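Thanks for making time this morning; I would like to walk you through one structure and a few of its side chains, and I will go slowly. Please have the sequence and the model open while I talk.

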Amino acid sequence: YGISRIPSGSWLCAVCKAGFNFPPSCVFCPIKEGPMKPLKENGWAHIVCAIWIPELYFIDTLKMEPIAGIKKIPVARYQLKCSLCKIQTGACIQCSERGCFAPFHASCAIKNKLLIQKANRNKNIFNIYCKYHTNKRNNSNDSNDSSDSSDLNRSNSSNRSNRSTLL
């Protein structure tokens with residue numbers, strides 16, 4: 001969440017510190033709950049949305065705020081309909097499987113426990129897979145002991161995947 005040391009006394013998250021009585025809406029997804037940070041421009045977004053949408057970044061990487069890069073997001077990302085929640089709002093990412101372009105919100109992917117897998121053992125590059133490819137890869141890992149399952153289902157706070165997608 002961008003806390004370098006545990007503060008003494010009381011502590012407030014960014015949303016509460018800003019004086020909200022209820023969570024603001026994330027500009028990138030329909031999910032209301034979850035840790036959020038302010039955008040450089042007006043608005044708020046989930047940390048997970050900022051991590052997974054490749055055009056976004058944190059200006060201060062230690063505090064993980066504010067979130068910037070919104071103007072670099074292609075219009076096409078906003079036109080995609082999430083394959084999980086079936087809502088066309090915010091900005092979707094797409095499956096990392098070559099040739100699959102299934103769109104989903106980053107927060108919907110986490111909520112639905114989609115597979116996050118390290119793409120490169122030597123770098124912090126991760127892939128995220130749609131529901132179909134999550135099931136397919138999980139089933140093949142169950143029947144194939146030669147794969148290294150220790151890299152499965154890990155998230156990463158500095159992901160920038162080398163995905164081949166529509167966007």
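Let me begin with Tyr1, which in this predicted model has a relative accessibility of 28% and therefore counts as partly exposed. Lys37 lies over the face of the Tyr1 ring, at 4.2 Å from the ring centre.

Tyr1 also brings us to the aromatic pairs, of which the structure holds two. In general, such a pair is described by the distance of the centres and the angle of the planes. For Tyr1 and Trp11 the ring centres are 5.7 Å apart and the planes stand at 80°, and because an angle over 60 degrees counts as edge-to-face, that is the name this pair receives. Both residues sit in the segment before helix H1, which covers residues 14-17, so the pair ties together parts that are ten residues apart in sequence. Trp11, with a relative accessible area of 43%, is partly exposed.

The other pair is made by Phe20 and Trp44, whose ring centres are 5.5 Å apart and whose planes are at 90°, so this pair is edge-to-face as well. Here the link is between distant parts of the chain, since Phe20 belongs to the loop between H1 and strand S1, while Trp44 belongs to strand S2, residues 44-46, and the two are 24 residues apart. Is each partner buried or partly exposed? Phe20, at 31% relative accessibility, counts as partly exposed, whereas Trp44, with a relative accessible area of 12%, is buried.

Now let us turn to the interior. In soluble globular proteins, nonpolar side chains tend to be buried together. In this model the largest nonpolar core has 41 residues, and those with the most contacts inside it are Phe28, Trp52, Ile53, Leu56 and Phe104. At least two core residues come from each of H1, S2, helix H2 (47-52), helix H4 (106-111) and strand S8 (125-128). Which of these elements gives the most to the core? That is H2, with five residues.

Next, a small piece of sheet. Strand S3, residues 57-60, and strand S4, residues 65-68, run antiparallel and are joined by three bridges; in one of the pairings, Tyr57 in S3 has Ala68 in S4 as its bridge partner. The two strands form a hairpin with four residues between them, and in that turn Met64 has a positive phi of about 60°.

Finally, the cysteines. A disulfide is a covalent bond between the sulfur atoms of two cysteines. How many disulfides does the model have? The count comes to zero. Why is Cys108 not bonded to Cys85? The sulfur of Cys85 is the closest cysteine sulfur to that of Cys108, but it is 3.9 Å away, and because a disulfide needs the two sulfur atoms within 2.5 Å, this is too far for a bond. Cys130 is in no disulfide either, with the nearest cysteine sulfur, that of Cys95, 3.7 Å away. Cys108 counts as buried at 4% relative accessibility, and Cys130 counts as buried at 4% too.

Cys95 appears again beside His133, a residue of helix H5, residues 131-143. Leaving aside the neighbours within four places in sequence, His133 is in contact with Cys95, Glu97 and Cys100. With a relative accessible area of 12%, His133 is buried.

How values were computed
Residues numbered from 1 in each chain as written. Predicted model: local features only at pLDDT ≥ 70, side-chain atom pairs only at ≥ 80, totals over all residues. Heavy atoms only, no water. Pairing = 2+ DSSP bridges. Phe/Tyr/Trp six-rings, centres within 6.5 Å; stacked < 30°, edge-to-face > 60°. Buried < 20%, exposed > 50% of the residue type's maximum accessible area, 1.4 Å probe, protein only. Lys NZ or Arg CZ within 6 Å of the ring centre and 35° of its normal. Core = buried A, V, L, I, M, F, W, Y, C linked by side-chain atoms within 4.5 Å. Contact = heavy atoms within 4.5 Å.
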